Amino acid sequence: MKTAFLSFLIPLLVPVQACLTRDEIRGGHIVDLTKGINRRQTDGNVGTIPVATGDRFQNGDKAPRGIGSQAATVLGTFNSVLNTNEIKSAIKGLEKEFRVGYFETPYKTFENRTMFGAKVGGTGKSNNGYRVLLETGIHARERGGPDHLIYFISDLLWANREKKGLNYGGVSYTYKDVQTALGMGIVVLPLVNPDGVAFDQTTNSCWRKNRNPASAISGDPHSIGIDLNRNFAPVWNFTKYLAPGIEAASTNASTETFYGTGPLSEPETKNVDWTMDRFPNLGWFMDQHSPATLVLYGWCHDSNQARDPTQNFGNMAYDGKRGVVPDEPSKGTAYKEYLDQKDWDILSLTAARIAGGMSDSTGRFYPALQAPHLYPSSGCSADHGYMKAMLDPSKKKIYGFGVEFGEWNEDAECGFYPTVEAHGKNMVENGVAYMELLLNAARLS
Ligand SMILES: [Zn+2]
């Protein structure tokens, strides 16, 4: 009895919920940057996977190859995370080797970086042949996200050329699965927050946001940057849409969840929105985060219901009532967000299949849940494409998911930085997450 009781308590001791610590949700920070960036950050993260120096893809001359298309013995060779130059160089390498379609997005970041992506597989030559959008690297410190996406895409392309299947831990896919996955047409945005990732990689400061100083307060280095995953359009203005006290984001620039100056105020989120418009047949979206061992789907800001279409984010009668989970009818907050029943079935089924596959690959348990059952959030990426179609029926609905791969690294000052061993495990699981999304999308489209 006593053991059972204690094991029930253990999850409560984990300091991270999705990609925020419990302290950060209350406005705190892991690393106090007001004391300056110094060696302490590096010392506190000894034992975590290093950021690579140099360029293993030789400025796009060499294509990456993932673990799913090689023997499992290569796992430990993924012993550094890709630096920001390598992420671009990898895509260039895939362009040279496999003729993937490299593209750049129009809005430059505050530090004048150009975001880029790639078109992979698909059935046609035009942008109409792409149905799945995969993005990562939106939260700078969540190390490994860009690596997992790039190596997965590399696996698909290698396996397709060699007419072979893929193996990720306990989960295998056939050559036919590879063809089906590629046939969906995949658009990848592997580095959605290039300024933030560059800053985090050079300072080991556990940096999450972008680096836009537009709302910064003099003397507070934490007030630089906007949380890009609170800057998308769905119920961005949470103080209007949600019930008072529901901190789905923050209006305070000094916090980790600062929402910016307007929906899509940031070049990075504008670029994601632009990509959704550029490929009109996108119907599926996944955003890789870490490290909470979860698969999430929307809505992000309140629980779903399929009975009453008038309870929706556009109905002003419900402003100030949303976001309370569980509802408190006595306080007038009995509200759940409307979601078409068929869409809800597709979202929950696909999330469950992704989570089940990830659990099968390594034995680490991944639950699938609707995002607000963890905590409600506003302006989230996963709901953006779906909401666009609700506001403009000429657009295609995009089913959105968020994967929270891996576990908090208790031995590191920044628990978002994995060890080499954990990075390899995360890579195996993410390979399955991507395959399950693509195969279920193909089946349900
Ligand atoms: Zn995140």
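Trainee: How are the donor residues of the zinc ion spaced in sequence?

Mentor: They follow C-x119-H-x2-E-x146-H. Before we go on, this is a predicted model, where local features need pLDDT of at least 70 and side-chain atom pairs count only at pLDDT 80 or more, while totals for chains, interfaces and linings use all residues. Numbering runs from 1 along each chain as its sequence is written, and side-chain values use heavy atoms, with hydrogens and water left out.

Trainee: What makes C19, H139, E142 and H289 donors of the zinc ion?

Mentor: Their contacts are at 2.0 to 2.4 Å, and a donor is an N, O or S atom within 2.8 Å of the metal (3.2 Å for Na, K and Ca), so they qualify. The atoms are SG of C19, ND1 of H139, OE of E142, listed twice, and ND1 of H289. Water is not among the atoms, so a site may look incomplete.

Trainee: Where do E142 and H289 sit in the chain?

Mentor: E142 is in the loop between β5 (132-136) and α5 (145-162), and H289 is in strand β9 (residues 284-289), 147 residues away in sequence. Those labels are DSSP runs numbered from the N terminus: helices are H or I with at least four residues, strands are E with at least two.

Trainee: Why is C19 called buried?

Mentor: Its relative accessible area is 5%, and buried means under 20% (exposed is over 50%, partly exposed in between, with a 1.4 Å probe and protein chains only), so the label fits. E142 and H289 are both buried too.

Trainee: How do you know that C206 and C414 form a disulfide?

Mentor: Their sulfur atoms are 2.1 Å apart, and the cut-off is a pair of cysteine sulfurs within 2.5 Å, so the pair passes. The link is right-handed, with 70° about the S-S bond. C206 lies in the loop between α7 (194-203) and α8 (238-241) and C414 in the one between β14 (399-404) and α12 (420-444), so parts 208 residues apart in sequence get tied together. C206 is buried at 3% relative accessibility, and C414 at 1%.

Trainee: How many disulfides are there, and what is the pairing?

Mentor: Two, and the bonded cysteines, counted in sequence order, pair 1-4, 2-3. The other one is C300 with C380, whose sulfur atoms are 2.1 Å apart. Its link is right-handed as well, with 80° about the S-S bond. C300 is in the loop between β10 (294-297) and β11 (304-305), and C380 is in the loop between β13 (368-370) and α11 (381-391), 80 residues apart. Both C300 and C380 are buried.

Trainee: What makes a space in this structure a cavity, and how many are there of 30 Å³ or more?

Mentor: On a 1 Å grid over the protein atoms alone, a 1.4 Å probe fits at the points of a cavity but cannot get out. The structure holds five of 30 Å³ or more. The largest has a volume of about 260 Å³, taken as the space filled by probe spheres on points joined across faces, edges and corners.

Trainee: Which residues line the largest cavity?

Mentor: There are 23, with N229, L296, C300, A371 and S377 nearest its centre; to count, a residue needs an atom within 4 Å of a point. β9, β10, α11 and β14 each give two or more residues, and β14 gives the most, with four.

Trainee: And what about the second largest cavity, which residues lie nearest its centre?

Mentor: R143, G144, P146, V197 and Q201, out of 14 lining residues. About 90 Å³ of space lies there, and α7 gives the most to the lining, with three residues.

Terms used: On a 1 Å grid over the protein atoms alone, a cavity is a set of points where a 1.4 Å probe fits but cannot get out, and a pocket is an open set with protein on both sides within 12 Å along at least five of seven lines; lining residues have an atom within 4 Å of a point.
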